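Okay, thanks for coming, everyone. I'll walk you through one structure today, going from the overall picture down to single residues.

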Amino acid sequence: GFAGVPAIAAAGAVGGMWATRHTAEQAAFTNRLAIPPLARSRRDRQGRRVFDLRAAAGTMQFRPGAPTETWGINGPYLGPTLRARRDETVLVNVRNDLPEETTLHWHGMHVPAVMDGGPHQIIAPGTTWSPTWTIRQQAATLWYHPHPHGRTSRHVHHGLAGMFIIDELEALALPRRYGVDDIPVIVQDKRLNDDNQLNEEIPTIGGIGVLGDLITVNGTVAPYLDVRSKRVRLRLLNASNSRFYNFGMADDRSFALVGTDGGLLAAPIDTHRVQLSPGERAEIVVCLRPGERVVLRSYRSDLGINIGDQRFAGGGDILDILELRAASELDPSPPLPATLAERPRLDVSSPAARRTFELADFKINGLAMNPGRIDVGVAKDTTEIWEVANLDQMPHNFHVHDVQFLILSIDGGPPRPESTGWKDTFYVKPGTRARIALRFADYTDPDMPYMYHCHVLWHEDHGMMGQFVVLGPGQRPGVLPMSHS
Ligand code: C2O
Ligand code: CU
């Protein structure tokens with residue numbers, strides 16, 4: 001596992017639940033940022049890259065006093081970073097040594113439905129699940145986390161999550177030394193009881209779910225990162241249950257947005273804010289001057305709700321996330337390439353289907369998730385246009401398994417820079433409608449569904465989720481044996 005979380009939060013670094021943290025009281029970045037280790041792998045006889053993961057209980061010292069009981073993968077908290085190349089075949093042995101059932105979902109990965117790790121791929125305590133698939137998508141920052149029916153919120157908040165990095169066949173001139181100038185930044189807020197134990201009891205006011213007052217990056221409280229090169233690449237992952245972040249640098253400098261959920265953008269975009277709802281990722285490259293310290297912060301977000309409600313969605317707080325400490329002499333970094341990836345293309349001129357998904361009242365189109373019901377059947381090798389509408393007063397987002405899609409419009413206008421390129425999750429403001437284009441290329445299975453859902457985990461757990469199957473010619477949706485209460 002990864003140690004290096006001596007984490008004693010500086011007194012005053014943790015504000016009250018709804019308090020805005022001011023610069024003055026958060027001066028101390030006292031802990032070196034933990035870097036999740038790269039998962040070891042080996043080749044089996046078929047040439048597959050094999051990883052071994054084991055979920056089990058552990059403890060962390062998030063703040064002074066009692067240790068916090070956590071869950072982790074190959075360590076007490078979070079999991080190692082899996083890394084593989086495009087076109088490689090991987091096999092992951094996932095052993096469950098937790099006291100209860102779980103699953104492990106490859107968020108953003110194009111995988112056959114039986115390998116997806118959704119609510120149907122249950123791993124009973126004491127057993128191992130071994131999915132295998134070939135990576136058929138571009139270089140990207142993906143992640144993994146459990147997806148057990150009705151309990152995803154608790155399992156993720158307890159610490160079960162990690163990054164899955166896909167590398168391109170040929171490396172680009174981007175910072176890419178893992179843990180040196182290519183840094184995983186897994187941002188989560190934690191809610192602890194007075195006795196320091198993780199608290200997933202809801203309901204919080206506002207119906208948003210777990211919203212914690214302890215901000216962690218890679219499990220480290222009040223973290224700093226020593227940087228030794230001119231450019232540093234941050235792979236931002238919002239792995240929080242419910243909190244929205246609007247990332248920027250404290251001195252408001254701009255940086256290059258180079259990647260979104262599904263991988264690198266066609267070209268870097270110069271920007272100074274990146275808003276990520278739960279589950280979303282963005283890769284940014286920040287330029288540093290020798291000897292300086294600059295803080296990655298979350299600014300107030302435009303969540304489209306009033307400021308009082310914003311607090312309940314985490315959008316009203318200004319939070320300092322991570323301090324970058326540049327060495328007095330910095331290694332040169334090559335300038336960013338002008339072109340990063342192929343421009344995403346989808347022919348949307350004659351979609352095979354148009355569908356509408358209305359998010360309201362913990363349901364989608366009036367129905368709460370039922371694992372025994374298939375909601376949608378899509379035809380293999382077709383492109384569809386989905387319209388997603390948030391009819392509620394509270395923020396939701398929308399995630400679709402199996403595919404990376406393109407956002408065509410949000411309320412008729414173009415998406416923000418961080419919502420361009422390939423996406424698997426995006427924010428849907430109250431009262432807005434977004435249109436996305438998705439292509440279901442292969443992996444048919446009439447009997448095993450993929451999920452689509454709000455990635456605010458409490459909403460997902462409370463029913464804001466549906467299931468779709470990808471059908472080959474002549475196939476009809478199967479009958480699911482499973483029906484949870
Ligand atoms: Cu990140 Cu269906 O999940
Ligand atoms: Cu939601």
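I'll start with the whole chain, then take the domains, the sheets and a few loop residues.

Before anything else, please remember that this is a predicted model.

So, what is the chain built from? There are three helices and 33 strands. The radius of gyration comes out at 21 Å, close to the 23 Å that the globule rule gives for 485 residues, so the chain is as compact as a globular protein of that length. If you put a box around the C-alpha atoms along the principal axes, that box is roughly 65 × 50 × 50 Å. Of the 485 residues, 52% count as buried. And here's one for the contact fans: take contacts between residues at least 6 apart in sequence, and 79% of them join residues at least 24 apart.

Next, the domains. The domain assignment splits things into domain 1, residues 23-167, domain 2, residues 182-331, and domain 3, residues 353-471. How far apart are the centres of domain 1 and domain 3? Taken over C-alpha atoms, it's 23 Å. Where these two touch, domain 1 brings 16 residues and domain 3 brings 16 residues. On the domain 1 side of that contact you'll find five nonpolar, nine polar and two charged residues.

Now let's look at a sheet. Four strands make an open sheet with mixed pairing, and the order across it is E5-E11-E10-E7. Which strands sit at the edges? Those are E5, residues 82-85, and E7, residues 105-107, and each of them pairs on one side only. Going across this sheet, neighbouring strands are turned against each other by 25 degrees on average, with direction ignored. Let's zoom in on one pair: E5 and E11, which covers residues 162-167, run parallel and are joined by four bridges. If you want a spot to click on, find Leu82, which stands opposite Phe164 in E11.

On to another sheet. This one is open too, with seven strands in the order E14-E13-E12-E16-E21-E18-E19, and its pairing is mixed. Why is one side of E14 and of E19 left without a neighbour in the sheet? Strand E14, residues 220-221, and strand E19, residues 263-271, stand at the edges with a single partner strand each, so one side of each has no neighbour there.

Let's walk along this sheet from the E19 end. E18, residues 255-260, is joined to E19 by five bridges, and the two run antiparallel. Within that pairing, Leu257 has Ile269 in E19 as its bridge partner. E18 also pairs with E21, again in the antiparallel sense, over three bridges. Here the pair to look for is Gly259, opposite Glu283 in E21.

Let's stay with E21 for a moment, which spans residues 281-287. Is E21 mostly covered or mostly open? Mostly covered, with six of its seven residues buried. E21 also pairs with strand E16, residues 231-238, in the antiparallel sense over seven bridges. In that pairing, Arg231 stands opposite Cys287.

Last part: three loop residues. We'll take them one at a time.

Asn74 is in the loop between strand E4, residues 68-73, and E5. Its phi is near 55 degrees, a positive value in a residue other than glycine. Is Asn74 buried or exposed? The cut-off for buried is 20 or more other C-beta atoms within 10 Å. Asn74 has 21, so Asn74 is buried.

Asp361 is in the loop between E24 and strand E25, residues 363-364. Asp361 has a positive phi as well, near 55 degrees, and this residue isn't glycine either. With 14 C-beta neighbours inside 10 Å, though, Asp361 counts as partly exposed.

And finally Ala338, in the loop between strand E23, residues 319-331, and strand E24, residues 353-360. Why does Ala338 count as exposed? Because Ala338 has 8 C-beta neighbours inside 10 Å, and the cut-off for exposed is 12 or fewer. To get a feel for distances, try going from Ala338 to Val456: they are 118 residues apart in sequence and 35 Å apart in space, C-alpha to C-alpha.

That's my tour, so please grab the model and click around.

How values were computed:
Residues are numbered from 1 along each chain as its sequence is written. Chains are lettered from A and ligands numbered from 1 in the order in which they are written. This is a predicted model: local features need pLDDT of at least 70, side-chain atom pairs count only at pLDDT 80 or more; totals for chains, interfaces and linings use all residues. Two strands pair if DSSP finds at least two bridges between them. Axes are lines fitted to C-alpha atoms, for helices over the stretch in contact, and angles run from 0 to 180 degrees between N-to-C directions. Domain bounds come from an automatic or database domain assignment. Two residues are in contact if their C-beta atoms, placed from the backbone, lie within 7 Å. Ala, Val, Leu, Ile, Met, Phe, Trp, Tyr, Cys and Pro count as nonpolar, Asp, Glu, Lys and Arg as charged, and the others, Gly among them, as polar. The radius of gyration is taken over C-alpha atoms; the globule rule is 2.2 Å times the number of residues to the power 0.38.
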